[in-house]
Amino acid sequence: MAAATLVAAPALAEEPAPLRVVDGLIDTSDPVAVGLGRAENAETITIFAPGDDDLKFNHGTVLLPFKGRLYAQWQSSALDEDAPDTIVRYSVSDDGATWSEPVALTEPRTDGYTSNGGWWTDGETLVAYLNVWPGDRDPKSGYVEYVTSTDGVTWTAPRRVMGADGRPVEGIIEQDVKALPSGRLLTAVHVAPGLFVKPYYTDDPLGISGWTQGEFDNQPNNDGMSRELEPSWYLRDDGAVVMVFRDQGGGTFRKLAAVSRDDGETWTESVVTNVPDARTKQSAGNLPDGTAYLVGNPTGTRNRYPLSILLSADGETFDTAYNLRTAEDLQPRRYEGQFKSAGYSYPKSVVWGEHLYVAYGTNKEDVEISRIPVADISLRGGDDGATAAPARAVLSHDNGWDTGLQDGDYTVTMHLWWGENGSVFRLFENGELIATRPLAYGGVARQAVSVPVEGRPNGTYVYTGELLNSKGTTQSSSITVRVTQAAPAAPVLSHDNRDGDGDYRVSAHLWWGTNATSYRFLENGVPVASGELTPRTPSAQSASVDLTGRAPGTYTYVVEFGNAAGTTRSEELTVAVRG
């Protein structure tokens with residue numbers, strides 16, 4: 001699998017964000033793939049595709065395993081989103097690939113509509129949450145009911161989800177109930193009146209009672225709706241819970257995030273991260289080895305394609321990403337309807353067996369899933385067979401040896417000469433994670449991996465590494481790289497105006513040294529030509545400009561050679577035109 005890169009914009013919040021994407025992870029100028037490679041082993045499966053006689057609006061698919069089968073739940077209506085005829089339906093699969101015909105969990109209401117709120121199970125009983133939206137509420141709001149089943153076929157009558165105070169929970173439950181390591185359940189509720197998102201937790205294993213609102217202060221917001229909406233959450237390596245929100249009212253196309261360090265009871269204020277978003281619902285979680293992931297549409301626009309997964313070994317720095325689907329394999333929308341739009345909307349995910357399953361509504365029409373082997377995206381080693389934490393590796397670099405220059409392009413290499421292997425190598429530059437590389441676990445055999453570093457300006461860079469396997473993490477030795485020749489070497493100008501007329505060529509030559517990627521000629525301080533150069537440091541480079549029709553007089557020329565690290569100017573060249 002291949003992931004592409006571009007510099008990500010800095011976080012917009014004054015406080016440090018609890019997560020970030022590394023510079024170079026996402027290219028929001030690329031509307032098809034946001035600069036990311038496709039996950040090679042991801043496959044797309046259709047659960048339900050409506051025909052002319054079917055309910056044509058389908059959205060908000062949520063998955064949950066129960067007693068060896070995978071269940072999918074979503075909302076359906078004839079044509080329009082949140083129409084009065086909206087109902088909740090579900091389908092079941094024994095293998096994740098072949099799905100049953102949809103079955104209705106609800107009937108149309110006369111006093112509003114019902115949308116799906118997701119699933120939970122204690123292993124013996126399956127809970128389906130149902131979000132009820134009365135039609136007479138202003139601002140728009142609702143409440144949550146539930147039905148239960150022990151066989152996935154017959155269901156109880158709806159009842160209200162209850163709070164720890166013995167009263168019904170007044171709000172719409174988010175489709176993302178998950179268990180913390182302590183066993184506590186955590187999700188979010190969009191509380192009434194209006195829709196103001198709050199974290200909620202319960203110690204009831206079945207998730208139908210005891211729900212308590214966590215302490216969380218919303219950012220300034222619009223009337224009737226909080227700025228933070230439709231969150232999901234994952235665990236960071238330090239044990240903190242990170243809840244990630246869509247920024248509905250803040251004017252950004254970035255994810256918001258808040259942190260809890262006490263199992264959801266109290267939360268920091270939300271801050272803007274540098275993770276691009278389409279201002280839509282997302283899915284976050286952890287793989288079995290602890291790898292944190294974010295699934296969504298990291299477009300920085302309203303486009304809900306591609307569908308991507310961002311990965312982090314520690315839950316703080318997301319440095320690996322792949323596309324599950326892109327605009328290139330997005331099928332056309334077949335039916336019109338209110339609020340229907342192209343793309344992969346409202347993903348929700350779950351690990352089942354050897355795969356991560358991601359469910360979504362394609363064009364708010366087809367109920368589909370993408371699944372990818374967990375082993376392909378685990379950054380912390382997974383079930384690698386390790387018997388102990390890795391041995392200590394050493395780092396080296398080739399700067400000054402690769403080209404004879406201490407330029408900004410070099411390679412940092414990790415060597416583990418002998419000892420317990422790692423399954424993942426992570427490289428840090430001045431304390432910031434810049435690369436994650438999977439490794440083949442080989443017991444106590446030698447391991448090595450190289451990471452190219454490019455475009456560093458003059459300065460001092462300290463590199464440290466970590467080897468990870470399923471038994472632990474070990475820090476490597478550190479090295480220091482000094483870059484003193486990152487900008488291009490100085491070019492030299494010449495001309496061929498031997499006869500002194502007004503037509504001649506000015507040439508620039510860089511005979512040896514750090515190469516440039518661009519050039520610009522200036523005549524009497526005014527640019528007259530520019531272009532790109534192909535770097536092959538430390539080989540020679542040349543560029544030229546043909547000048548015609550110059551009147552008699554004296555002309556002064558300078559050329560600028562530039563690269564990512566800076567710009568170098570030549571000495572001045574004077575050309576006399578006699579006419």
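**Exercise 1. Is F216 buried or exposed, and what is its relative accessible area?**

Solution. The model is a predicted one. The relative accessible area of F216 is 4%. Buried means under 20% relative accessible area, so F216 is buried.

**Exercise 2. Classify the ring pair formed by F216 and F245, and place both residues in the chain.**

Solution. Step one is the geometry. A pair of aromatic rings is described by the distance of the centres and the angle of the planes. The ring centres of F216 and F245 are 5.6 Å apart, and the planes meet at 10 degrees. Planes under 30 degrees apart count as stacked, so the pair of F216 and F245 is stacked.

Step two is the location. F216 belongs to the loop between β15 (212-213) and β16 (228-235), while F245 belongs to strand β17 (residues 241-247). The two residues are 29 residues apart, and the pair links distant parts of the chain.

Step three is the accessibility of the partner. F245 has 1% relative accessibility and therefore counts as buried.

**Exercise 3. Describe the pair of Y71 and W119, and set it among the aromatic pairs of the structure.**

Solution. Start with the total: a search of the whole structure gives 15 aromatic pairs. One of them joins Y71 and W119, with 5.8 Å from centre to centre and 75 degrees between the planes. An angle over 60 degrees counts as edge-to-face, and this pair is edge-to-face.

Next, find the strands. Y71 is in strand β4 (residues 69-77) and W119 in strand β7 (residues 112-121), so the pair ties together parts that are 48 residues apart in sequence. Y71 and W119 are both buried.

Last, look for further ring partners. Y71 and W119 belong to a cluster, linked by ring pairs, that also contains F66, Y90 and W155.

**Exercise 4. Which charged residue lies over the face of F48, and what surrounds F48?**

Solution. R89 lies over the face of F48, 4.8 Å from the ring centre. F48 itself is in strand β2 (residues 43-48). Its relative accessibility is 9%, so F48 counts as buried.

For the surroundings, leave out residues up to four places away in sequence; F48 then touches D54, L55, N58, W74, R89, P102, D366 and V367. R89 thus appears both over the ring and in the contact list.

A second charge over a ring can be located at W233: the charged end of K178 sits 4.5 Å from the centre of that ring.

**Exercise 5. How many cavities of 30 Å³ or more are found, and what lines the largest cavity?**

Solution. The search of the whole structure returns 1 cavity of 30 Å³ or more. The volume of the largest cavity is about 40 Å³. Its lining consists of K255, P276, L294, V295, G296, N297, P298, S308 and L310. The elements giving two or more residues to this lining are β21 (292-296) and β22 (307-312), and β21 has the largest share, with 3 residues. By class, the lining has 5 nonpolar, 3 polar and 1 charged residues.

**Exercise 6. Describe the lining of the second largest pocket.**

Solution. The pocket has a volume of about 650 Å³. It is lined by 27 residues, of which E81, D82, W133, E230 and Y346 are the closest to its centre. Strand β7 gives the most to the lining, 3 residues. The lining divides into 9 nonpolar, 9 polar and 9 charged residues.

Terms used
Residues are numbered from 1 along each chain as its sequence is written. This is a predicted model: local features need pLDDT of at least 70, side-chain atom pairs count only at pLDDT 80 or more; totals for chains, interfaces and linings use all residues. Side-chain values use heavy atoms; hydrogens and water are left out. Rings of Phe, Tyr and Trp (its six-membered ring) pair if their centres lie within 6.5 Å; planes under 30 degrees apart count as stacked, over 60 as edge-to-face and the rest as tilted. Helices (H or I, at least four residues) and strands (E, at least two) are DSSP runs, numbered from the N terminus. Buried means under 20% relative accessible area, exposed over 50%, partly exposed in between (1.4 Å probe, protein chains only). A charge sits over a ring if NZ of Lys or CZ of Arg is within 6 Å of the ring centre and within 35 degrees of the ring normal. On a 1 Å grid over the protein atoms alone, a cavity is a set of points where a 1.4 Å probe fits but cannot get out, and a pocket is an open set with protein on both sides within 12 Å along at least five of seven lines; lining residues have an atom within 4 Å of a point. Grid points are joined across faces, edges and corners, and a volume is the space filled by probe spheres set on the points. Ala, Val, Leu, Ile, Met, Phe, Trp, Tyr, Cys and Pro count as nonpolar, Asp, Glu, Lys and Arg as charged, and the others, Gly among them, as polar. Contact means heavy atoms within 4.5 Å.
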